[in-house]
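Thanks for coming. I will go through one model today, starting from a single bond and working outwards. Please have the sequence and the structure open.

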Amino acid sequence: METREATMSFWSPERNQSPGGLDALLSRTLFLLLLIVALSAQGEACKEFQSDNGTSVNCYPPAEFPAHIPADTIYLSVEFLNLTQLPPDALQGISNLQELHLSSNRLENLSAKFLLPVPQLKVLDLTLNALTRLPPGLFQVSAALHTLVLKENQLEFLETSWLHGLKALVHLDLSGNRLQTLPPALLASFSDLRILDLGNNQLETLPPDLLRGPLKLERLHLEGNRLQTLEEGLLLPQPNLHYLFLNDNQLATVAAGTFRGLKKLGMLDLSNNLLTSVPKGLWTYLGWPGAAQDMKDGFDISGNPWTCNQDLDDLYQWLVANKDKMFSGNDTRCAEPKAMKGQMLLAVAMSHLESKAGEEIGVMASKSTAPH
């Protein structure tokens, strides 16, 4: 498989992108930069766009936070302004606001009363700020919020009280922070969560109950952490999980039943870990007809120091059966034993199965010719 395609939601659960193409955040950033240039050329800092649903307001350098915002505003973007704090009454008078984008500032804290004037808010984007914590009570009237993006801030820990009040959350992005641990029952009340991004933090372990609350999860990003072990039961029950990103961790151990129950898993990325072997039965639930969605979007196990011996027999069979869905086959190679170092794992698997089949045929032939 030469290309990798998978849908990824961005801000709205219905919007898709391809990981193999331009990243959605990069696309949006380029668009905003072009808009800034255009607005600067016109001598305008904020631009208002009218529609039947309400007004959209976009503010970019050299603007400050707008002193007057139309009462019918449904979309507000105040980005790239290097704001460290917001006016206490920043959102007063715009109770119909549905999307608030405050990315690429330097916000260090938010008032617990900040969102009280906007109970209809559905999307809050705080990407690329300097937040180290959230005030308890921030979301006390945010029952309608379905997308919360806290990507690339400076969060080192989380408290469950910070998220109290969120009842409709579908997309939670905490990637690119400095999280080392997660509290128990963090997501216990998020039964509608479909996208969880914890990628590119410093997590070494995960609480066993992390996913006991979300029962509709479709995408799980755990890449770029320091995870060493995947315990059995962590991913249960997740019958709708389709995309699982575990790449760029320090995984050396994956429990045999880790993927049990993932009936719709279509894409798995285990690349760039420390896997030398995997337990028998790990692949039983993936990729076989009727076991999952046939891994239709592919898998990647490259960049691991595989020990190519009889302990990989289970993986060999699975790999050959699913070879057309394999990413980075050229980078999936044996590290041990020394005589096989550098050989492509798929080639070794095919050779191993051919040899095994030949041996079985030989045994059957000898039995058929043996005197009775």
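Which residue does a disulfide join to C46? The partner is C59, with an S to S distance of 2.1 Å. Before going on, I should say that this is a predicted model, and everything I say about it was computed from the predicted atoms.

Back to the bond. C46 is in strand 1 and C59 is in strand 2, 13 residues apart. The torsion about the S-S bond is about 115°, so this disulfide is right-handed. Its two ends differ in accessibility. C46 has a relative accessible area of 28%, so C46 counts as partly exposed. C59 comes out at 0%, which puts C59 among the buried residues.

The two strands that carry these cysteines also pair with each other. Strand 1 and strand 2, the latter covering residues 55–59, run antiparallel over five bridges. Q50 stands opposite T55 of strand 2. Together the two strands make a hairpin, with four residues between them. In the turn, G54 has a positive phi of about 150°.

Now the sheet as a whole. How many strands form the open sheet? There are 12, in the order 1-2-3-4-5-6-7-8-9-11-13-14, and the pairing is mixed. Strand 1, residues 46–50, is at one edge and strand 14, residues 298–300, is at the other; each has a single partner strand, so one side of each has no neighbour in the sheet. On average, neighbouring strands of this sheet are turned by 5° against each other, direction ignored.

I have already shown an antiparallel pair. For a parallel one, go to strand 5, residues 123–125, and strand 6, residues 147–149, which pair over three bridges. There, L124 has L148 in strand 6 as its bridge partner. As a reminder, strands of a sheet pair through backbone hydrogen bonds, in either the parallel or the antiparallel sense.

Next, the other disulfide. The count for the protein is two. The second joins C308 to C334, with an S to S distance of 1.9 Å. Left-handed or right-handed? With -100° about the S-S bond, the link of C308 and C334 is left-handed. C308 sits in the loop between strand 15, residues 306–307, and helix 2, residues 313–321, while C334 belongs to strand 16, residues 334–336. That puts the two cysteines 26 residues apart, and both of them are buried. With bonded cysteines counted along the chain, the pattern of the disulfides is 1-2, 3-4.

While we are in that region, look at T332, in the loop between helix 2 and strand 16. T332 has a relative accessible area of 1%, so T332 is buried despite its place in a loop. Leaving out residues up to four places away in sequence, T332 touches I301, S302, W306, M326, F327, Q343, M344 and L345.

On to the nonpolar core. Which residues have the most contacts inside the largest one? They are L91 and L268, in a core of 90 residues. The elements giving two or more residues to this core are strand 2, strand 3 (73–78), helix 2 and helix 3 (345–369). Helix 2 gives the most, with five residues. For L91, the contacts beyond four places in sequence are F65, L76, L97, L100, F114, L115, P117 and V118. In soluble globular proteins, nonpolar side chains tend to be buried together.

For contrast, take A71, in the loop between strand 2 and strand 3. Buried or exposed? A71 has a relative accessible area of 54%, so A71 is exposed. Even so, A71 touches G93, I94 and N96, again not counting residues up to four places away in sequence. The C-alpha atoms of A71 and S95 are separated by 7.6 Å, with their positions 24 residues apart along the chain.

Last, confidence. The average pLDDT of the protein is 87, and 82% of the residues score at least 70. Two stretches stay under 50. One is residues 2–10, for which the model has 33 contacts beyond four places in sequence. The other is residues 39–43, with six such contacts. Where pLDDT is low, the predicted coordinates should not be read in detail. I would treat the contacts of residues 2–10 and 39–43 in that light.

Terms used. Residues are numbered from 1 along each chain as its sequence is written. This is a predicted model: local features need pLDDT of at least 70, side-chain atom pairs count only at pLDDT 80 or more; totals for chains, interfaces and linings use all residues. Side-chain values use heavy atoms; hydrogens and water are left out. Two strands pair if DSSP finds at least two bridges between them. Axes are lines fitted to C-alpha atoms, for helices over the stretch in contact, and angles run from 0 to 180 degrees between N-to-C directions. A disulfide is a pair of cysteine sulfur atoms within 2.5 Å. Buried means under 20% relative accessible area, exposed over 50%, partly exposed in between (1.4 Å probe, protein chains only). A nonpolar core is a set of buried Ala, Val, Leu, Ile, Met, Phe, Trp, Tyr and Cys residues joined through side-chain atoms within 4.5 Å. Contact means heavy atoms within 4.5 Å. pLDDT is the predictor's confidence in each residue, from 0 to 100.
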